Amino acid sequence: MTSTAPSFETLTSEDGEDFADADRGFIDRLDPGVVTTRDGRVIWDNDAYAFLAEDCPDTANPSLWRQGRLAARQGLYQVTEGIYQVRGLDLSNMTLIEGDRGVIVIDPLISAETAAAALALYRRHRGERPVTGLIYTHSHGDHFGGARGVVPHGHEPVPVIAPHGFLKHAVSENVYAGNAMTRRAVFMYGARLPKSPQGQIGCGLGMTTSTGSITLIAPTVDITRTGQLETVDGVRIVFHLTPGTEAPAEMNFHFPDLRALCLAENATHTMHNVLTLRGALVRDARVWAHYLDEALTLFGADSEVAFASHHWPTWGQQRIADFLTEQRDLYAYLHDQTLRLLNSGLTGPEIAEELALPPQLDRSWALRGYYGSVSHNVKAIYQRYLGWYDGNPAHLWEHPPVELARRHTEALGGVDATVAKAKEYLAADDPRFAVTLLNHAVFAAPEHQEARRTLAGAYDLLGHGAENGTWRNVYLTAAMELRGTLATVELSPSNPEVAMALTVDQLIDSLAVRVNGPRAWDTALTLDWRVTDERRGWRLTLSNGALTHRSAPLGKPLGGGSADLTLTLGKAQLLGLLAGGGLAGIEQSGDPQVLAKLLSLLDTPDPNFAIVTP
């Protein structure tokens, strides 16, 4: 079973090696390890994981417990001369590079509050060095959200460096499917679970996500090619673009004078996700392997330390080469063997059960499935190439979950009989099939308390056995909700700076995916936005339930005659309008009711929609 604990005797690394690396260079910690907002709301509490210092209990997988103990280490660490990291103050690390005049910040965490606390911890020991540069390794929120915590409003301008395409992907990833992804992320990271031996013990990549203020400062320096050299505050940096790996816009970079290599999130001390459980675009494991090999070729011989945006560094040329080689081979093997087997006719679930890693890779602590897993990565690779349909016509037009559940339970003799049969499978140590039956029972009769209790208990069993941190969190969060406690969404990316980074096209697209098609079938309208600071106009057309748009520079025709309503406004006014601010102060011509009509046809998604019940 996937959740079975590994045999520790088969893993190559000595236990002490990772722990020595994780502790190397320790200077000081934040005490208490708690970060709050100005009004006292706790948005980060690393001290809640103190229980990980104890021996692993029966309610946790020993391998995941070990990973949690490593990832929970908190404080300021010296990586090498002139390079420091703050770890354990958010899901990600903040790295600080000392320059001639101040300090360059790499990846300012998720929240402005945790970023400010991390910088203050650094300054306590290294002096009040000003921030002289900011680097985003890639386009995920845990690597830019705390920007204003290190470069607050009023700070002197500094170069803000990011890979090509960063801004587009940073602001768009959570726009179109953002509500669903955010809700699912609550399950993935176990944010609402108690931190305890029975509950959340991390997510494999780190502990959890902070819940403070998400901010964004737009990049001022665009990295467009591998080999691009930039000098910031006297520090030379050679960049290595890696698009399509762990993020659509991502980059490694090398400090030739410091013999140090930043691997962003492309190589950490876990198997990563080809597709996260929260949902995302499927990543390209083939390209991922290629760029890891390229990093080894370009920088391996000139690096004495490699560090990343999560976990602890690796020191020594040979150890760096071994680390990158194994990481490269992992993603290449997963990709190539999945393709080999799907071309032999196996489906994603079948490949996931059959594919095993080579012994050398399987024995490496740094490749264990703490965050990604062989099982769901293989299915993601299958999805990238062949999609959801496995070719079996029986799966082409199945009933939706509730109707399928009702028919399954009826075929088994009713809900009571289904629960009884599931208990037999639990007793036979087959919780995987037991939860399948119990899920049918709950979807067929959500008020059936025994079905809910039994399914929650089965999820506990699977969660407590899982080596993968995100699997554990998903199972245990599901059990919590079945017992009546909703895992509500707390993290919100609604900072005005983030909204301003959206293009007008993205803003329109975000409206289009909220149009209630059936209610809009018989409504036709056109709306022009003349956005003065963009020097461009947009025409929105609603017809047949679809909202489409076209654009042209101001003064150029948008086609199709005049619009039902034309608004002339700045982008900030447009954002205010879409937030419900009304038309006051906005130049307009035509029927002002057109805007109200369009807005009335938009659905407001439920951020806490049901997942484990109908």
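Before I start, one definition: a residue is called buried when its relative accessible area is under 20%, exposed when that area is over 50%, and partly exposed in between. Please also keep in mind throughout that what we are looking at is a predicted model.

Let me begin with V79, which sits in strand β4, residues 75-80. Its relative accessibility is 5%, and because the cut-off for buried is under 20%, V79 counts as buried. If we set aside residues up to four places away in sequence, V79 touches Y84, Q85, V305, F307, P313 and W315. For a sense of distance across the model, V79 and K421 are 342 residues apart in sequence, and their C-alpha atoms are 56 Å apart in space.

From there I would like to go to the loop between β7, residues 103-106, and α3, residues 112-126, where we find D107. D107 is not a glycine, and yet it has a positive phi of about 60°. Is D107 buried or exposed? With a relative accessible area of 0%, D107 is buried. The loop between β7 and α3 also holds L109, another residue other than glycine with a positive phi, in this case near 65°. L109, at 1% relative accessibility, counts as buried as well.

While we are on backbone geometry, there is a cis peptide bond joining D31 and P32, with omega at about 0°. P32 belongs to the loop between β1, residues 26-28, and β2, residues 34-36.

One more loop residue is T268, which is found between β14, residues 260-262, and α7, residues 285-299. T268 has a relative accessible area of 2% and is therefore buried. Which residues is T268 in contact with, once its neighbours within four places in sequence are left aside? They are L205, A308, H310, H311, F323, Q327 and A366.

Now to the helices, starting with a pair. Two packed helices are described by the angle between their axes and the distance between the axes. Helix α8, residues 317-342, and helix α11, residues 374-386, pack at an angle of about 60°, and their axes are 10 Å apart. The crossing in which α8 passes α11 is right-handed. On the α8 side the contact is made by L334, H335, T338, L339 and L342, and on the α11 side by V374, N377, V378, I381, Y382, Y385 and L386. Sorted by class, that contact has nine nonpolar residues, three polar ones and no charged ones.

In the loop between α11 and α12 we come to N392, which, at 35% relative accessibility, counts as partly exposed. N392 and T347 are 45 residues apart along the chain, and their C-alpha atoms are separated by 9.4 Å.

The helix I would like to spend a little time on is α13, residues 415-427, which has 13 residues and reaches 18 Å from its first C-alpha to its last, close to the 18 Å expected at 1.5 Å a residue. Its buried residues are V415, T418, V419 and A422. Seen down the axis of α13, these buried residues fall within an arc of 95°, so they line one face of the helix. On the other side of α13, D416 and A427 are exposed. What covers the buried residues of α13 includes α12 (401-411), α14 (431-444) and α15 (449-465). Just after α13, D429 takes a positive phi of about 60°.

Helix α16, residues 469-482, has 14 residues and spans 20 Å from its first C-alpha to its last, close to the 20 Å expected at 1.5 Å a residue. How many of the 14 residues of α16 are buried? The number is 13, so to speak of α16 as mostly covered is fair, given that buried is set at under 20% relative accessible area. After α16 comes G484, whose phi is positive, near 110°.

I will finish with helix α18, residues 504-512, where the buried residues are V504, Q506, L507, I508, S510 and L511. These buried residues of α18 pack against two helices and three strands, namely α5 (166-172) and α20 (571-581), together with β17 (525-531), β18 (536-543) and β19 (546-553).

Key. Residues numbered from 1 in each chain as written. Predicted model: local features only at pLDDT ≥ 70, side-chain atom pairs only at ≥ 80, totals over all residues. Heavy atoms only, no water. Helix = DSSP H or I, 4+ residues; strand = E, 2+ residues; numbered from the N terminus. Expected span 1.5 Å × (residues − 1). Buried < 20%, exposed > 50% of the residue type's maximum accessible area, 1.4 Å probe, protein only. Arc of directions from axis to C-beta. Contact = heavy atoms within 4.5 Å. Axes fitted to C-alpha atoms, helices over the stretch in contact; angles between N-to-C directions. Left-handed = near helix turned anticlockwise from the far one by under 90°. Nonpolar A, V, L, I, M, F, W, Y, C, P; charged D, E, K, R; others polar.
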